[in-house]
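Visitor: Please show me the model. I would like to ask how its labels are earned.

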Amino acid sequence: MLDLNKVASQMQGIGEHLQQESQAAQKRLESALDILQQAIDRQAELVAKQKHWRDRMAFTAAQPLEPLDKITDIPKPPESHTVIATDGSQISPSHHEIAYCYLINIGRVVLHYGQSRYPLLDSLPEVYYRAEDLYASRQWGIQTEEWMGYQRVVSEIEALSELASALASQQPTYAPMLALVDGSLIYWFLDNLPNPARDRILEPILIAWRQMQQAGVPLLGYISASRNRSTLNFLRLPACPYIAPDCLTHCLPQQNSSVNPSPPPCQLFDPLRDTSLWGTLLEPGQRSPLWRSWAKVLDRYEQPINFCYLHAGTEIARVEMPAWVAREETTLNRCLGLVLAQVQKGYGYPVALAEAHNQAVVRGGDRQHFFAMLEQKMIEAGMKNVGTSYKETRKRGSVA
């Protein structure tokens, strides 16, 4: 039990600390805006410098694909359109339960607007209990619980692709479609996986993306409360005091020194985030310039991932898309218009993603019913001594 009196005694200085941090953040933001103005006039030079020195830079910066001072008003969406979304949840494996297995539940949502068609709101559960499901990942040093999370990402995208492909042949040509996922399309966790494990996860994702492209259904990843700093990292180029942004020569030896290590001189904005910068430049219903991500994990993708920042009214959201979606500005802006409409309908968050989450979520009662059903099946199969571990039984029966 949390002792709130002890917590209160540790909070006396937190208000003053946060006020100081807020003032420091404002100064960092002002510096970023000043350097942005310099970068606008030198954009072509800075992009060329970034391409030439990227392998020698100690940070990953996004590349602007449009003028840095380009702010675009997003048009209203067409009255008739369709939005599809998926999200996932799970019951994690536990050695303290009656059996070591796990469940992935994928929530599916299809919302039609202006078409007099019924929506789809359901979920697709799948139970994993075979040895190849539970233990195959351990050959790469990956625990089952971790692998389950990666498998859930694959299941979400595959379910989204199946919905998009099935609906594309039925959808009226005048009613555009949009496929939405919650979170980034840049799967950062792949960087830490061995090649065979990475291929096992990435290949079905790329196949699903390819199917959506063939079906002509744009795919967007909506990231709320993004912590990314890749556009601010681009501004470290004009902030660099050296002729060439060769971090490996100029800065890393100083950082690795045991005597008075100091941050590089271009690192003026940390820990400022991109959303803070674009929050001062965008009005509701506007988007930032388009950017290309140069995250190293994208070297294994079939095409680049682009992104922009969108003022959704309630927050600055980062919206990512495969390069083919952003190829035509009209298509991109129409998709972002559908996103804005979703945010408005969802009172601050895309309603299709919220509903997909609600369909996917596994509540405490669902978990109990799942293991009760599993226990019944094990008893019917003739198994004896079916039950949870003593630790789990004691925790559930605690009276403390």
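Guide: Start with a bridge in this predicted model. G221 has E320 of β11 as its bridge partner.

Visitor: What makes β7 and β11 a pair?

Guide: Two strands pair if there are at least two bridges between them. Strand β7, residues 219–223, and β11 have 3 bridges. Therefore they count as paired. Their sense is antiparallel.

Visitor: How do you know that β10 pairs with β11?

Guide: Apply the cut-off of at least two bridges again. Strand β10, residues 305–311, is joined to β11 by 7 bridges, so the two are paired. They run antiparallel. In one of these bridges, I305 has P322 of β11 as its partner.

Visitor: What lies between the strands in the hairpin of β10 and β11?

Guide: The hairpin has 4 residues between its strands. G313 takes a positive phi there, near 95 degrees.

Visitor: Why is β11 called largely enclosed?

Guide: Buried means under 20% relative accessible area. In β11, residues 316–322, 7 of the 7 residues are buried, so the rest of the structure largely encloses this strand.

Visitor: Which residues of β11 point which way?

Guide: I316, R318, E320 and P322 point one way. A317, V319 and M321 point the other way. All are buried. In a regular strand, side chains alternate between the two faces of the sheet.

Visitor: Why is M11 called partly exposed?

Guide: Partly exposed lies between the 20% and 50% cut-offs. M11 has 47% relative accessibility, so it counts as partly exposed. M11 sits in the loop between α1 (4–9) and α2 (14–41).

Visitor: What does M11 form with I14 and L18?

Guide: Together they make a nonpolar surface patch, with about 290 Å² of accessible area.

Conventions:
Residues numbered from 1 in each chain as written. Predicted model: local features only at pLDDT ≥ 70, side-chain atom pairs only at ≥ 80, totals over all residues. Heavy atoms only, no water. Buried < 20%, exposed > 50% of the residue type's maximum accessible area, 1.4 Å probe, protein only. Patch = residues over 30% accessible without salt bridge, like charges linked within 9 Å, V, L, I, M, F, W, Y side chains within 5 Å. Areas by Shrake-Rupley, 256 points an atom, 1.4 Å probe, with all protein chains shown as cover. Salt bridge = Lys/Arg side-chain N within 4 Å of Asp/Glu carboxyl O.
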